[in-house]
Amino acid sequence: MVVITSDQRQVIFDAVIAMYTNVALSPQQGYHFPTGRMAAEYVGYPPELLDRLPAAAVESFAGVGYPFATGVLRPGDTVLDIGSGSGTDLLAAALSVGTEGFVYGVDMTEAMRGKATANARLAGAENVEVLEGNAENLPLRDGSVDAVTSNGVINLVPAKRKAIAEIHRVLRPGGWVQIADIVVEDLPSEACRAKPRLWAECIVGATTQADYLRMFTEVGFTDVERLGELDYFAASSSASTRATAGGFGAHSMVMRAHKPA
Ligand SMILES: C[S@@+](CC[C@H](N)C(=O)[O-])C[C@H]1O[C@@H](n2cnc3c(N)ncnc32)[C@H](O)[C@@H]1O
């Protein structure tokens with residue numbers, strides 16, 4: 001279990017917001033982690049699905065897996081996408097739930113919220129709303145959504161257990177969560193975790209898979225199941241990122257869990 005001091009928390013939030021403001025505004029710049037359509041196809045998004053989404057959403061994609069492989073979304077569901085970025089999963093979820101359903105996005109980076117809202121308009125998706133908020137304190141009522149999705153986000157959150165308890169709180173009894181995220185085999189040293197840039201690049205904020213899955217069980221989820229994993233950082237264009245990630249055994253996984261009825 002990783003413990004973060006309050007000083008470090010604000011530094012981490014600031015670094016994350018700065019990084020993802022850049023990914024929103026300058027998607028072609030090139031990052032140490034895979035982004036855009038190449039990344040989406042690498043982690044498993046069907047090209048036919050990506051073709052149905054605005055290119056301006058996919059160009060700033062920074063997810064780490066394909067959480068829709070879990071198959072938990074149903075037509076008519078109300079869904080929350082935590083850390084919705086430029087809107088790739090938000091709009092993919094809107095296609096899954098149809099016009100009878102509704103999709104909320106929450107993101108703490110203003111540039112991402114603006115981009116996702118513009119992309120929802122471009123896609124003609126009227127059943128989408130993007131909210132300002134932090135994964136540690138979600139701006140939704142208890143039991144208000146049928147499903148939660150998230151992609152590449154909880155590894156960036158200092159208080160992971162709190163964020164997972166928040167997912168449990170906003171889900172209705174009987175609801176499901178689907179997640180793609182980064183986990184590590186060996187926890188990074190304190191010195192590495194003190195580097196905000198490495199947090200924002202989705203490496204050193206991650207916890208172990210066992211710790212990650214255990215937190216879901218501890219807050220009350222059942223059927224906590226890891227469905228697959230991927231050598232995500234192998235697709236990084238940076239040799240130093242590949243080496244850093246390899247040193248900790250950092251990789252992505254897709255999981256789902258159920259809130260008992
Ligand atoms: C790696 S990007 C993934 C974006 C999107 N899920 C995707 O697949 O393209 C992480 C996103 O989560 C947001 N984020 C990170 N930490 C957050 C937190 N504590 N609360 C809310 N949003 C957060 C960032 O602003 C960024 O848009």
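1. A word on terms before we start: helices here are DSSP runs of H or I with at least four residues, numbered from the N terminus. With that in hand, A163 can be placed in helix 7, which covers residues 160–170. Please keep in mind as you read that this is a predicted model.

2. Staying with A163, is this residue buried or exposed? A163 is buried, because 23 other C-beta atoms lie within 10 Å and the cut-off for a buried residue is 20 or more.

3. Who are the neighbours of A163? Leaving aside residues up to four places away in sequence, A163 touches A135, E136, I154 and V157. There is also a pairing with N137 to look at: A163 and N137 are 26 residues apart in sequence, yet their C-alpha atoms are 7.2 Å apart in space.

4. Now to D223, which sits in strand 6 (residues 222–230). D223 counts as exposed, because it has 12 C-beta neighbours inside 10 Å and exposed means 12 or fewer.

5. The backbone of D223 is worth a look too. Most residues other than glycine have a negative phi. D223 is not a glycine, but its phi is positive, at about 50°.

6. Finally, the ligand. It is surrounded by 24 residues, and the closest are G63, G83, G85, T109 and G152. Helix 1 (6–25), helix 5 (88–97) and strand 2 (102–107) each contribute at least two residues to this shell.

7. What is the make-up of the shell around the ligand, in nonpolar, polar and charged residues? The shell divides into 12 nonpolar, nine polar and three charged residues.

Methods: Residues are numbered from 1 along each chain as its sequence is written. This is a predicted model: local features need pLDDT of at least 70, side-chain atom pairs count only at pLDDT 80 or more; totals for chains, interfaces and linings use all residues. Two residues are in contact if their C-beta atoms, placed from the backbone, lie within 7 Å. A residue is near a molecule or strand if its C-beta atom, placed from the backbone, lies within 6 Å of it. Ala, Val, Leu, Ile, Met, Phe, Trp, Tyr, Cys and Pro count as nonpolar, Asp, Glu, Lys and Arg as charged, and the others, Gly among them, as polar.
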